[in-house]
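Here is a short walk through one protein model. Have the sequence and the coordinates open while reading.

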Amino acid sequence: MVESEVDASAADTATATARASAAVLTAPLSLEGGLAAELQPANLVQRVLSLFGNVRPGADLSHFQLPATFNLPKSQLQLYGEIVYCDGDDYLSRCGKGKDSLERFTAIVAWSISTTRPPIFGFAPYNPVLGETHHVSRGSLHVLLEQVSHKPPVSALHATDDGGNVELVWSQHPVPKFNGASIEATVHGKRQVRLPKFNETYEMDCPNLLIRLLPGPSVEWSGTVRIVCKDSGLEAELSYHRSNSFMGMGGDGRCVKGKVFHSSSPQDTVFEIDGYWDRTVSLKDVESGEVLVLYDANLSIANLVTPEVKEEEGLSSTESTVVWSEVSEAILAKDWEKASEAKRNVEGRARSLEKERNEKGEVWMPKHFSLSQDKDGNWDCCPLEKSVRPAPIVVPSPSS
């Protein structure tokens, strides 16, 4: 589910109200599904179905109004950020350590799989308000996100490490559609991982999120992910399989299969990829027959550590965990009346700012990114700074 996008930079004027409350950080989505166990109400399926009684099949749900009772206590920016800075085995740092282009490419494939996180049926994050930001550090890796557009909703991400080993630049534009018995969210945009020391850039997309309402409720990732490095001439295709796709015989919905090949000869597979993104994924060398574990979900997305505020005075008024703090506190306390009121306040400030800008003829501009659109309607974001500075929110080491 995706809720309505708020039409303004409420984050910019949230200082007096939001800063009065401390930032609220909640556990990242992980194999244990901690948030799911805490939030699951009675009759969830019936409540979800009741939301879509008057929605026509094929409808775009980008602006669908979602009650606070169906919200996760975190923003979509946080979910995007968590798949980068919450990784128990730090697959990202391995990408720049490969001895050759093929080893680095398979490390990128493993890291791409690690960004697949267990979704929760019946709950969605807050749609970020225009200008909202999220800034977190994990060790030497610094991650910054900004909501750079509201119609359509576009989120930008920039991440760098202190050693100059890796850089991430993403733009993401989710498009959810209601199909009668299900909802499918396609994420448009460009994900780039750059390894500056090797002059390599990897481009990739991500699987779709499929939410089945009937005949039985479920939520899963599906579709084909392509990873391309033009600098090395290598490509990968990963297929995330849907479950129960035909007469209940669709296989495991968490199955992922694929291959690595040279762009110049896609028919010649170098490696075969097979496994389950919530368990292990193997890599088979076609020539030698050798099989290795490419990815282990237990090491990557189990027992993840919740970020914490290190320097409260460094928090921006646009920080996601500040902007939505009162809403999140109320949701965690299951005070739905207060959560609804707090959410209306955030949205109300957003609309007021949008109205003021329109009256003054002002055009809002992102603070950390430039934003452009190509002839096909695809959005692209470019960071305004070469590197991301250390953040006031940090992911502590598991032993700390």
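How do the residues of the lining of the largest pocket divide into nonpolar, polar and charged? The model is a predicted one, and in it the lining divides into ten nonpolar, two polar and seven charged residues. The pocket itself has a volume of about 370 Å³. Its lining is made of 19 residues, and the closest to the centre are E103, T106, L283, V293 and L294.

Several elements build this lining. Two helices, α5 (91–94) and α6 (101–114), and two strands, β15 (280–285) and β16 (291–296), each supply at least two residues. The most comes from β16, which gives five residues.

Helix α6 can be followed from its N-terminal end. There D100 acts as a cap, with a side-chain oxygen 3.2 Å from the backbone nitrogen of L102. Does the length of α6 fit what is expected of it, and what span should its 14 residues have? The expected span is 20 Å, because each residue counts for 1.5 Å, and the end C-alpha atoms are 20 Å apart, in agreement with that value.

Most of α6 is covered, with eleven of its 14 residues buried. The buried residues run from R104, F105 and T106 through A107, I108, V109 and A110 to W111, S112, I113 and S114. T106 is thus listed twice: it is buried, and it is among the residues closest to the pocket centre.

Further along the chain is helix α9, residues 325–332. Its buried residues are S325, V327, S328, A330 and I331. After α9 comes K334, which has a positive phi, near 55°.

Key: Residues numbered from 1 in each chain as written. Predicted model: local features only at pLDDT ≥ 70, side-chain atom pairs only at ≥ 80, totals over all residues. Heavy atoms only, no water. Buried < 20%, exposed > 50% of the residue type's maximum accessible area, 1.4 Å probe, protein only. Helix = DSSP H or I, 4+ residues; strand = E, 2+ residues; numbered from the N terminus. 1 Å grid on protein atoms, 1.4 Å probe; cavity = no way out; pocket = protein on both sides within 12 Å on 5 of 7 lines; lining within 4 Å. Points joined across faces, edges and corners; volume = space filled by probe spheres on them. Nonpolar A, V, L, I, M, F, W, Y, C, P; charged D, E, K, R; others polar. Expected span 1.5 Å × (residues − 1). Polar contact = N/O pair within 3.5 Å; in protein donor to acceptor, adjacent residues only side chain to side chain.
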